[in-house]
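Grab a pencil and open the model in your viewer. Try each exercise before you read its solution.

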Amino acid sequence: MTTSDAPPKPKKARHAVTVKSVTDVTPRMRRIVFTGEALSAFEWSGPAAHIKLLFAGETPESKPVMRTYTPRRFDAATCELTVDMVLHGEGPAASWAAQAEAGQPLTIAGPGRAYALDDAATHWVLAGDDTAIPALATILESLPAHATAEVFLELPAFEEAAALDAAHPGARLTRLVRADGGAEPGSMLEAAIRSASLPEGVRLYVAAEAGAIRRIRRHLLQERGMAPAQMVTRGYWKLGETDHPDRDYGED
Ligand SMILES: Cc1cc2nc3c(=O)[nH]c(=O)nc-3n(C[C@H](O)[C@H](O)[C@H](O)COP(=O)(O)OP(=O)(O)OC[C@H]3O[C@@H](n4cnc5c(N)ncnc54)[C@H](O)[C@@H]3O)c2cc1C
């Protein structure tokens, strides 16, 4: 099928919501709870899914300004959707989160597909920076009871680890804290994965800065002999690039 024959991508369902509450979970992670009648049509699709938040304005291509986030939690009984947003600085999403207040309206689209956990796997490596904390939390909450998981978090400060509010009895967390003015984003994650033990059958979910994700994926495939099916690698944002696409799976 050529690109021109391809069916148009189905539009994600849009929901008009209102900010119910804003909480600083850590100095850099802001939790926004959205609510609204429209969320009665929201369907939780599983761990590490994504939604789009639509902001005021248009892109130069006359598209709405939108950014990608992870539904951290959805309560169908109360129609409350929780999203944890990193306050990284300037950007339509981070700037919106920094000023968010209860009562403000917003439009949300989604959710998209979730991460499909392999039923046969028993060991996971879950690695990411602070933008991946919501995704890794939803994966931890979905792992079977007998699973083990090695969790690597790269953070700008030790206290940011408190944003990971999910646990699993088989999980072990390693915090990798960037020194002040420190290392290139993702380089500590890369070093940790390079020295991680990767037993046969391990499954990996790794999400962070796009350049680092490429280096990590290459290492896993070329130097560790892993199969693409064992891993999901995702560039969640890209240094120096605004509105990095949501379909970046770290492939060269
Ligand atoms: C599937 C998926 C799920 C995601 N889930 C979450 C989530 O739950 N929570 C969350 O906080 N983020 C999440 N992200 C990442 C988020 O979409 C990006 O960080 C996005 O760029 C933020 O948009 P913005 O408008 O603030 O900045 P943009 O306009 O996109 O970028 C502006 C500038 O900020 C820089 N920048 C963007 N993000 C960061 C960062 N984290 N640290 C430092 N500099 C940055 C860019 O390089 C650029 O220079 C997810 C991304 C994907 C693809």
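The exercises below work on this predicted model, going from domains to single residues.

**Exercise 1. Find the domains and describe how they touch.**

Start with the domain assignment: the protein chain is split into domain 1 (14-109) and domain 2 (123-237). Next, take the centres over C-alpha atoms; those of domain 1 and domain 2 are 24 Å apart. Now go to the contact, where domain 1 puts in 12 residues and domain 2 puts in 15 residues. Finally, sort the domain 1 side by class: 6 nonpolar, 3 polar and 3 charged residues touch domain 2.

**Exercise 2. Work out what surrounds the ligand.**

Begin with the shell: 26 residues surround the ligand, and the closest are Thr70, Val86, His88, Gly91 and Ala94. Then ask which elements give two or more residues to that shell: they are strand S4 (64-69), strand S6 (80-86), helix H1 (92-99) and S12. Check the domains as well; domain 1 (14-109) and domain 2 (123-237) each supply at least three residues. Last, split the shell by class, and you get 10 nonpolar, 9 polar and 7 charged residues.

**Exercise 3. Place strand S11 among its neighbours.**

First, look at how covered strand S11 (residues 203-209) is: 7 of its 7 residues are buried. Second, follow the pairing with strand S8 (residues 123-129), which runs parallel to S11 and is joined to it by 5 bridges. In that pairing, tryptophan 124 has arginine 203 of S11 as its bridge partner. Third, turn to strand S12 (residues 231-237): S11 and S12 also run parallel, with 6 bridges between them. Here leucine 204 is partnered with methionine 231 in S12. Fourth, add the connection: S11, helix H4 (residues 210-223) and S12 form a right-handed β-α-β unit.

**Exercise 4. Why is helix H2 (residues 133-142) largely enclosed by the rest of the structure?**

Count the covered positions first: 8 of the 10 residues of H2 are buried, so the helix is largely enclosed. Then name them: Ile133, Pro134, Ala135, Leu136, Ala137, Thr138, Ile139 and Leu140. Now see what they pack against. The partners of these buried residues are strand S5 (71-75), S6, S8, strand S9 (148-155), strand S10 (171-177) and S11.

**Exercise 5. Is leucine 136 buried or exposed, and what does it touch?**

Locate leucine 136 first: it sits in helix H2. Next, count neighbours. Leucine 136 has 27 C-beta neighbours inside 10 Å, so it counts as buried, given that the cut-off is 20 or more. Then list its contacts, leaving out residues up to four places away in sequence: leucine 136 touches Leu126, Gly128, Val151 and Leu164. For a distance check, try arginine 113, which is 23 residues from leucine 136 in sequence and 15 Å away, C-alpha to C-alpha.

**Exercise 6. Do the same count for alanine 98.**

Alanine 98 belongs to helix H1. There are 15 other C-beta atoms within 10 Å of alanine 98, so it is partly exposed. To finish, pick out arginine 28: it lies 70 residues from alanine 98 along the chain, yet their C-alpha atoms are separated by 9.7 Å.

Terms used
Residues numbered from 1 in each chain as written. Predicted model: local features only at pLDDT ≥ 70, side-chain atom pairs only at ≥ 80, totals over all residues. Buried ≥ 20, exposed ≤ 12 C-beta atoms within 10 Å, placed from the backbone. Helix = DSSP H or I, 4+ residues; strand = E, 2+ residues; numbered from the N terminus. Pairing = 2+ DSSP bridges. Right-handed = clockwise from strand over helix to strand, strands pointing away. Near = placed C-beta within 6 Å. Nonpolar A, V, L, I, M, F, W, Y, C, P; charged D, E, K, R; others polar. Domains from an automatic or database assignment. Contact = placed C-beta atoms within 7 Å.
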